[in-house]
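Student: Before we go through the terms, could you show me the sequence and the model together?
Tutor: Here they are, and we can then set each value against its definition.

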Amino acid sequence: MIKVGLVDDRMIDLDKLKGIVSKMDEIKIVFATQSAEEAYEYVKREEVDLLIADIEMPELSGYELADIIHTHALSIAVIFVTATSGYAVHAFELNVHDYIMKPYSKDRLEKSIQRYIEKSHSSEIAGRLFLKQKSEIHIVQKKEILFIERTGRSTTIYTKSGQVKTYQTLNELEGELRERDFIRSHRSFIINIHFVKNFSIYTKTTYMVSFEGIEEKAMITKEQIDFIQSHYF
C-alpha cells in the first residue's frame, strides 16, 4: 500500500486531487491539507511514501517543503502539481518524481502515480547498492550497510560482514540511498540509524556514533541529532 499526502491551498484543487487519488488501487491517503506547514507536521510524524503538492502557497511553499524533504534525505517522493513552469529546473535538482502543469487531466496524474508505484516495487525487489571499483562492480545489500565514510579520494562502506571500498562520492551514494533509515549525518558520513547503538559528545557541534557489532565509529552533527530526535523518536 502506497501512503500519499496531498497539499494544495485551493480547496477546489485539493478536492480534485482527492477525487482522483482515492479511486486508485494500492493507494492510501494519509493526509490532505491546504497548508504546507501542516503537511510538514504530518510528514514528521506519519509514514508517507509520496507527496503530491502545489508549489505557490502562502507561508511555506511546496518547493520549500520538497527542499526540506530532499535536504534531510527523507524517503518521500514528490509530484508537483502547479500552474507555473518557473520551478521546473529547480524541481529536477530536488529529484522530484514528476512536474505536472495545471490544468491537468485525470489520466495525466494517474499515469504519474502508476509510474511511481512501478518504480517503488522495482526498488523494493532490488534493494542493492552497485559499487564501482577499478575492474569490477561490487554488489552490497542495502540492509547490510551500517555506515559509509569518505576519506580522501575513496569511500568505505561498513557492512555487517566487512568493508567495501569504492571511489564513488557520498553525493553519488546518497542518491541511491533514499530509504528512511539512511541519514547524511556529516559531510564525511552516511549512517543507517537502524544500527546505531549510541551517540557520544565529541565537540560542541559534533557527536561520535557507535554501531552494533563493530568498533569503527562515524560522526554526526548536532543539527542532525536534533533532526533525528524530531523525526524518528
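Student: Why is Asp54 called buried?
Tutor: This is a predicted model, in which local features need pLDDT of at least 70, side-chain atom pairs count only at pLDDT 80 or more, and totals for chains, interfaces and linings use all residues. Residues are numbered from 1 along each chain as its sequence is written, and side-chain values use heavy atoms, with hydrogens and water left out. Buried means under 20% relative accessible area, exposed over 50%, and partly exposed in between, with a 1.4 Å probe and protein chains only; Asp54 has 6%, so Asp54 is buried.

Student: What is Asp54 in contact with, leaving aside its neighbours within four places in sequence?
Tutor: Contact means heavy atoms within 4.5 Å, and on that basis Asp54 touches Val7, Asp8, Asp9, Gly62, Val81, Thr82 and Lys102. For Asp54, an unreviewed UniProt entry lists "modified residue: 4-aspartylphosphate", although such annotations may be inferred rather than shown by experiment.

Student: What puts the buried residues of helix 3 on the same side?
Tutor: Helices are DSSP runs (H or I, at least four residues), numbered from the N terminus, and the buried residues of helix 3 (residues 62-71) are Gly62, Tyr63, Leu65, Ala66 and Ile69. They cover an arc of only 160° around the axis, which puts them on the same side of helix 3, the arc being that of the directions from the helix axis to the C-beta atoms.

Student: Why is Phe130 called partly exposed?
Tutor: Phe130 has a relative accessible area of 44%, which lies between the two cut-offs, and therefore Phe130 is partly exposed.

Terms used. Helices (H or I, at least four residues) and strands (E, at least two) are DSSP runs, numbered from the N terminus.
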